[in-house]
Amino acid sequence: MVLDQQVWLTTASREKQEMRALCLDLNTGREIHNLLVFSPDTFFRIHAINSYATPTPALEEGFVYVHFGRYGTACLNSRTGDKVWERTDLTCEHIQGPGSSLLIYKDKLIVHLEGTDVQWILALDKRTGKTLWRTERPREIWDRMPEIGKKAYITPIILQVAGRDLMISNGSAACIAYDPETGKEVWRIIQGDDSTISMPVEGDGMVFFYTSFVTGADGRKYAELFAVDPDGRGDIGDSHILWRMKAPVLQLSTPVVADGYLYTIDSKGVFHRIRSRNGEISWSENLKGKFHSSPLFADGHIYVSSTRGETLVYKAGPVPELVSKNVVEGEIWATPALVNGAILMRTSEFLYKIEER
């Protein structure tokens, strides 16, 4: 996260038993803060493609909020580095490690803790860390699922619909819209039997999200990409899904919406351009490698980065026109950030700032 020439990121070392927050100068890369936030006695197992510092910090004027899942959540003074508050009592059994990032909404910090044991969404007072509300995923849906499928790793979004704010949060068995002031459910769409990772996105008056997988009549598992009219109440699965498209399971990458089209890379490495209003596939391109970070749109181009450290730049248009291919040292798992005409790119080895000279 970037604000006021500061770049904030988190890191963790199981060997050193440390979870840290780093602050770098945006212009020079100089280290401003290197803060030990938590030092757990025990590190629980994680998935091979996860880390102990996967959640992205949330940043606002004067404060940065960091989250390490079950290990703790904290607010730091972004100028001095002092810890303002911390919570280490919000625990869950992630099984494969934390993944959901924080979201700031007015005076609240939204925290997702969804494991095999509990599936909670909390709003904390962002100045004190005290719980303002806590919502549990609906038991009538989650109780029917196998324990291993109840976990989720998504980050929600806030959008305004018909004059009110909605928080769209895609869990393992349902995508649910909540009132972010109270945590009360507004609508739901039920689909899936396992964890979700990809974020929902908004565009052209619709919400797009990948479901977790379902098992078809032939026994094969698949997910779906849904386009939804978000102006509804109750169970809107039969009334507000505008179009749907089958997709491979275990979708990590979040789509991006640009100029009436949805650009998305599925978990098999197929890059699609989809007309947002009707789900019509404009083109598809089979890419080599694994793409776990999400595509970006800027200045008429789509940027997609692979775990091999390669970034492909496509012109956003009616044919898949590859404009540039760039390689940096290390693997790319995190989604790059666009800042003032530059790209911040984190690899397994370095943090890069790339800009046109």
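Let's start at the loop between β22 (241–247) and β23 (256–258), where Leu250 sits. This is a predicted model, so keep that in mind throughout. Leu250 has a positive phi of about 60°, although it is not a glycine. Most residues other than glycine have a negative phi. Is Leu250 buried, partly exposed or exposed? Its relative accessibility is 48%, so it counts as partly exposed.

Leu250 also helps to line a cavity, the largest one. That cavity holds about 60 Å³ of space. Its other lining residues come from several stretches of the chain. Ser195, Thr196, Ile197 and Ser198 are among them. So are Tyr210, Thr211, Ser212 and Phe213. Ala223 contributes too, and Val249 and Gln251 sit on either side of Leu250 in the list. By class, the lining has 6 nonpolar residues, 6 polar and no charged.

How many cavities of 30 Å³ or more are there? The count comes to 3. The second largest has about 50 Å³ of space. Its lining includes Phe44, Arg45, Ile46 and Tyr52. Arg70 and Tyr71 line it as well. Then comes a run from Glu93 through His94, Ile95, Gln96 and Gly97 to Pro98. Here the classes are 6 nonpolar, 3 polar and 3 charged. Charged residues are thus present in this lining, while the lining of the largest cavity has none.

Now to a pocket. The second largest pocket offers about 420 Å³ of space. It is lined by 18 residues, and the closest to its centre are Tyr303, Gly341, Ile343, Ile354 and Glu356. Which elements give two or more residues to this lining? They are β28 (301–305), β29 (310–315), β30 (321–327), β32 (342–346) and β33 (351–355). The lining divides into 10 nonpolar, 5 polar and 3 charged residues.

Two of those strands deserve a closer look. β29 and β30 form a hairpin, with 5 residues between them. They pair in the antiparallel sense over 6 bridges. In that pairing, Leu312 stands opposite Lys325 of β30.

Next, the start of the chain. Here we find an open sheet of 4 strands, in the order β1-β2-β3-β4, with antiparallel pairing. Which strands are at the edges? β1 (2–3) and β4 (31–38) are, and each pairs on one side only. As background, strands of a sheet pair through backbone hydrogen bonds, either parallel or antiparallel.

Walk along this sheet with me. β1 and β2 are joined by 2 bridges. Val2 stands opposite Val7 in β2. The hairpin they make has 2 residues between the strands. One residue there is Asp4, in the loop between β1 and β2. Like Leu250, which is not a glycine and has a positive phi, Asp4 takes a positive value, near 50°.

Move on to β2 and β3. Strand β2 covers residues 6–13 and strand β3 covers 18–25. They run antiparallel, with 8 bridges joining them. Val7 turns up again here, opposite Leu24 in β3. This hairpin has 4 residues between the strands, and Gln17 takes a positive phi near 55°.

Why is β2 described as largely enclosed by the rest of the structure? Because 6 of its 8 residues are buried. Buried here means under 20% relative accessible area.

That brings us to the cores. In soluble globular proteins, nonpolar side chains tend to be buried together. The largest nonpolar core in this model has 17 residues. Trp8, Met19, Val37, Val66, Phe68 and Leu76 touch the most other members. β3, β4, β6 (63–67) and β7 (73–77) each give two or more residues to this core. There is also a second, separate core of 16 residues, and Val161, Val186, Ile189 and Ile236 are included in it.

Back to Leu76 for a moment. What does Leu76 contact, leaving aside its neighbours within four places in sequence? Trp8 is one of its partners, and so are Ala21, Leu35 and Val37. Gly62, Phe63 and Val64 are also in contact with Leu76. Asp82, Lys83 and Val84 complete the list.

One last pointer for browsing the model. Find Val7, opposite Val2 in one pairing and opposite Leu24 in the other. Then find Leu250, in its loop and on the wall of the largest cavity.

Technical notes: Residues numbered from 1 in each chain as written. Predicted model: local features only at pLDDT ≥ 70, side-chain atom pairs only at ≥ 80, totals over all residues. Heavy atoms only, no water. 1 Å grid on protein atoms, 1.4 Å probe; cavity = no way out; pocket = protein on both sides within 12 Å on 5 of 7 lines; lining within 4 Å. Points joined across faces, edges and corners; volume = space filled by probe spheres on them. Nonpolar A, V, L, I, M, F, W, Y, C, P; charged D, E, K, R; others polar. Pairing = 2+ DSSP bridges. Buried < 20%, exposed > 50% of the residue type's maximum accessible area, 1.4 Å probe, protein only. Core = buried A, V, L, I, M, F, W, Y, C linked by side-chain atoms within 4.5 Å. Contact = heavy atoms within 4.5 Å.
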